[in-house]
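Please look over the sequence and the model below before reading on. The paragraphs after it go through the structure step by step.

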Amino acid sequence: MADVHSKETRSYNMSRIRSKDTKPEMLVRKFLHAHGFRYRLHVKDMPGKPDIVLPKYKTVIFIHGCFWHGHEGCRYYVVPKTRTEWWLNKIHTNSRNDQKAEENLQATGWRVINIWECQLKKSVVDETLPNLIQKITGMESIHRQHC
């Protein structure tokens with residue numbers, strides 16, 4: 001199946017996709033800052049280069065895009081119909097890297113919180129963000145949520 005965009009249009013679209021300072025990430029950062037949390041961003045010498053690091057709470061937060069990190073069972077994770085094998089390989093590699101980083105961080109005593117892009121959609125964000133404070137302060141067990 002041919003791509004619906006020209007090579008130039010596809011290249012431009014892909015160049016606009018960012019790994020840092022994404023809308024979901026900015027939403028979480030703004031919320032945390034408004035609630036008095038201070039943090040570091042994208043710490044390069046930590047496994048997985050976490051999006052947000054809260055040293056005071058020995059907690060890191062990863063904000064995952066549902067597509068890019070293969071959020072199983074999520075309506076925003078749709079396998080592309082073109083170059084399917086290449087995309088699946090990329091997404092599975094991302095997932096494996098996420099898992100390795102999480103294991104390495106936990107082994108050194110860090111609490112790891114994963115937030116999925118779908119958890120920051122308008123319909124559920126008012127539930128997700130207040131729960132985040134409880135997870136950071138350790139008042140709730142941490143487990144992966146699905147949309």
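Which residues does Arg29 touch, not counting residues up to four places away in sequence? The model to consult is a predicted one. In it, Arg29 touches Asp21, Tyr39, Leu41, His42 and Ile52. Arg29 is part of helix H2. Its relative accessibility is 11%, and it therefore counts as buried, since the cut-off for that class is under 20% relative accessible area.

A second residue of this helix can be set beside Arg29. His33 is also placed in helix H2. With a relative accessibility of 43%, His33 counts as partly exposed, a class that lies between the 20% and 50% limits. Leaving out residues up to four places away in sequence, His33 has Arg38 and Tyr39 as the residues it touches. Tyr39 thus appears in the list for His33 and also in the list for Arg29.

The chain as a whole gives the setting. There are four helices and four strands in the chain. Read from the N terminus, the order of these elements is α-α-β-β-β-α-β-α. The chain has 147 residues, of which 35% count as buried. The area that the chain exposes is about 9500 Å², and 52% of that area is supplied by carbon and sulfur atoms. If contacts in the chain are restricted to residues at least 6 apart in sequence, 56% of them join residues at least 24 apart.

Helix H2 also takes part in a helix packing. H2 covers residues 23-34 and packs with helix H4, residues 125-137, at an angle of about 55 degrees. The axes of H2 and H4 are 11 Å apart. The two helices are therefore oblique to each other, as 55 degrees falls outside the parallel, antiparallel and perpendicular ranges, and the rest count as oblique. The handedness of the crossing of H2 and H4 is right-handed. On the side of H2 the contact is made by Leu27, Val28, Phe31 and Leu32, and on the side of H4 by Val125, Leu129, Pro130, Leu132, Ile133 and Ile136. By class, the residues of this contact are ten nonpolar, with no polar and no charged ones.

Some of these helix residues turn up again around a strand residue. Ile61 belongs to strand E3. At 0% relative accessibility, Ile61 counts as buried. Apart from neighbours within four places in sequence, the residues in contact with Ile61 are Leu32, Pro50, Asp51, Ile52, Leu54, Ile113, Ile115, Leu132 and Ile136. Among them, Leu32, Leu132 and Ile136 are also named in the contact of H2 with H4. Ile52, which is in contact with Ile61, is also one of the residues that Arg29 touches. The C-alpha atoms of Ile61 and Val112 are 6.0 Å apart in space, although 51 residues separate the two in sequence.

The backbone of two loop residues remains. Most residues other than glycine have a negative phi. Lys58 has a phi near 45 degrees, which is a positive value in a residue other than glycine. Lys58 sits in the loop between strand E2 (52-54) and strand E3 (59-64). Its relative accessible area is 36%, so Lys58 is partly exposed. Where is Arg83 found? Arg83 is in the loop between E3 and helix H3 (84-107). The phi of Arg83 is near 50 degrees, again a positive value in a residue other than glycine. Arg83 is exposed because its relative accessible area is 54%, and exposed means over 50%.

Notes: Residues numbered from 1 in each chain as written. Predicted model: local features only at pLDDT ≥ 70, side-chain atom pairs only at ≥ 80, totals over all residues. Heavy atoms only, no water. Axes fitted to C-alpha atoms, helices over the stretch in contact; angles between N-to-C directions. Parallel < 35°, antiparallel > 145°, perpendicular 65-115°, else oblique. Left-handed = near helix turned anticlockwise from the far one by under 90°. Contact = heavy atoms within 4.5 Å. Nonpolar A, V, L, I, M, F, W, Y, C, P; charged D, E, K, R; others polar. Buried < 20%, exposed > 50% of the residue type's maximum accessible area, 1.4 Å probe, protein only. Areas by Shrake-Rupley, 256 points an atom, 1.4 Å probe, with all protein chains shown as cover.
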